[in-house]
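Biologist: Could you take a close look at the part around the ligand for me, and then walk outward to whatever packs beside it? Informal is fine.

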Amino acid sequence: MASDRDGYSTWCRYGGKFLSAAEARALDDDLIAGVGCEASTLEALMRRAGEQAASATLERARDAETFAVLCGPGNNGGDGLVLARACALRREGVRVVVWYPKGPGKSELYAKLVEECRATRNVRFADEAEIVDLLREASGDRAGTSTCCFIDALFGFSFRGAVREPYVNVMKLLTALTSESRIRDVGVVRTVSLDIPSGWSVDGAPNTDDVFIPDLLISLTAPKRCCATFDNPALGEAPARLRRMAQTHVVAGTFLTDELCERYGLYAIPLRRGSEIDFAPLDLSRRDES
Ligand SMILES: NC(=O)C1=CN([C@@H]2O[C@H](COP(=O)(O)OP(=O)(O)OC[C@H]3O[C@@H](n4cnc5c(N)ncnc54)[C@H](O)[C@@H]3O)[C@@H](O)[C@H]2O)[C@H](O)CC1
């Protein structure tokens, strides 16, 4: 009989691996330096990651009329900016609202992606108050008219410690939106995380009492170690939201060559360079769903 942890136990049965933060960083460095593959620029990787994550988002959040894309200060935020524009260009009539409270800093690439969003019809930049209103509408605390899907592109594999300002309030409301009492049917996607759910320790177990658990997690290249805690029987029964996330989890990003798979032990990853699909379920028994 299928177990509740099936999303990850089948992954492990197929020899699937979860990358640590250090491995994820080393793999990115290899992709850029051309170790075990043809070299790519960070920009090319980010554009592919964001476009393919957009494919998964548009496919799974079919009823969303608004996408609120929450972008952090690093490359995870850059992926979010690419996704924001892709959603606006690829779905007719959709409204895309982008929040990036820290600005591009010194990154020319981030600044370029912001400008591309600015020049795209249907993409608008929002301040914190507007995002808070959308989160309150989504939680039913405030009347609203549009079905909104929130994209968490706040932090990826370089996140450390506890969430700091200016992200604290939004993160708190996002977490409340995905609390155990608000669990949704597997087919309904209102929250999406790129690569890692923000606030999770990349290499450790999430604090399941007070943690943001998205409806859909899109791992880029490969799932990260924080997810492996699902399969730790010592932790006891996983909360329903975690089990749900395990079932819907997909991997996007066609970056890997056979040589890189060998180098990082990523034999079970369903996507390779040249794959014709943009994303695939992590639970390989659900592969036909992508
Ligand atoms: N091959 C791929 O899979 C690709 C993945 N990409 C994405 O890049 C991120 C990792 O990007 P990086 O810039 O290293 O880090 P982050 O986005 O996680 O952000 C770092 C940023 O966040 C600040 N920060 C860290 N901790 C906190 C905190 N507790 N509170 C507030 N702020 C915090 C830190 O100071 C930095 O400014 C990866 O996950 C993928 O999403 C690439 O796009 C390339 C392809």
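Modeller: Sure, with the reminder that this is a predicted model. The ligand has 31 residues around it, and the closest are G74, N75, N76, G156 and S158. Three elements each put two or more residues into that shell: α2 (21-33), α3 (42-60) and α4 (75-90). Of the elements, α4 gives the most, with five residues. By class, the shell breaks down into 15 nonpolar, 11 polar and five charged residues.

Since α4 is the top contributor to the shell, let's follow that helix outward. Two packed helices are described by the angle between their axes and the distance between the axes. For α4 and helix α5 (residues 108-118), the axes come within 9 Å and cross at roughly 20 degrees. An angle under 35 degrees counts as roughly parallel, so α4 is roughly parallel to α5. The handedness of this crossing is left-handed. On the α4 side the contact uses G77, G78, L81, V82, A84 and R85, and these meet L109, Y110, L113, V114, E116 and C117 of α5. Sorted by class, the contact between α4 and α5 holds eight nonpolar, two polar and two charged residues.

Carry on past α5 and you get to N122, which sits in the loop between α5 and β3 (123-125). Have a look at its backbone: N122 is not a glycine, yet its phi is positive, at about 80 degrees. N122 has 17 C-beta neighbours inside 10 Å, so it counts as partly exposed. T221 also has a positive phi, about 70 degrees, without being a glycine. You'll find T221 in the loop between β6 (216-220) and α8 (240-248). T221 is buried, because 24 C-beta neighbours lie inside 10 Å and the cut-off for buried is 20 or more.

There's another helix pair to set beside α4 and α5. The axes of α6 and helix α7 (residues 168-177) come within 10 Å, crossing at roughly 10 degrees. That angle makes α6 roughly parallel to α7, and α6 passes α7 in a left-handed crossing. In this contact, E128, I131, V132, L135, A138 and S139 from α6 meet N169, V170, L173, L174, A176 and L177 from α7. The classes here come to nine nonpolar, two polar and one charged.

R136 belongs to α6 too, a helix that covers residues 128-139. With 16 other C-beta atoms within 10 Å, R136 is partly exposed. R136 and L173 are 37 residues apart in sequence, but their C-alpha atoms are 7.8 Å apart in space. In the loop between β4 (148-153) and α7 you'll find P166, and the peptide bond joining E165 to P166 is cis, with omega about 10 degrees.

One more arginine to finish. R272 is in the loop between α9 (258-264) and β8 (279-281), and R272 counts as partly exposed because it has 14 C-beta neighbours inside 10 Å. Setting aside neighbours within four places in sequence, R272 is in contact with T254 and L256. R272 and R95 are 177 residues apart in sequence and 32 Å apart in space, C-alpha to C-alpha.

Note on methods: Residues numbered from 1 in each chain as written. Predicted model: local features only at pLDDT ≥ 70, side-chain atom pairs only at ≥ 80, totals over all residues. Near = placed C-beta within 6 Å. Helix = DSSP H or I, 4+ residues; strand = E, 2+ residues; numbered from the N terminus. Nonpolar A, V, L, I, M, F, W, Y, C, P; charged D, E, K, R; others polar. Buried ≥ 20, exposed ≤ 12 C-beta atoms within 10 Å, placed from the backbone. Axes fitted to C-alpha atoms, helices over the stretch in contact; angles between N-to-C directions. Parallel < 35°, antiparallel > 145°, perpendicular 65-115°, else oblique. Left-handed = near helix turned anticlockwise from the far one by under 90°. Contact = placed C-beta atoms within 7 Å.
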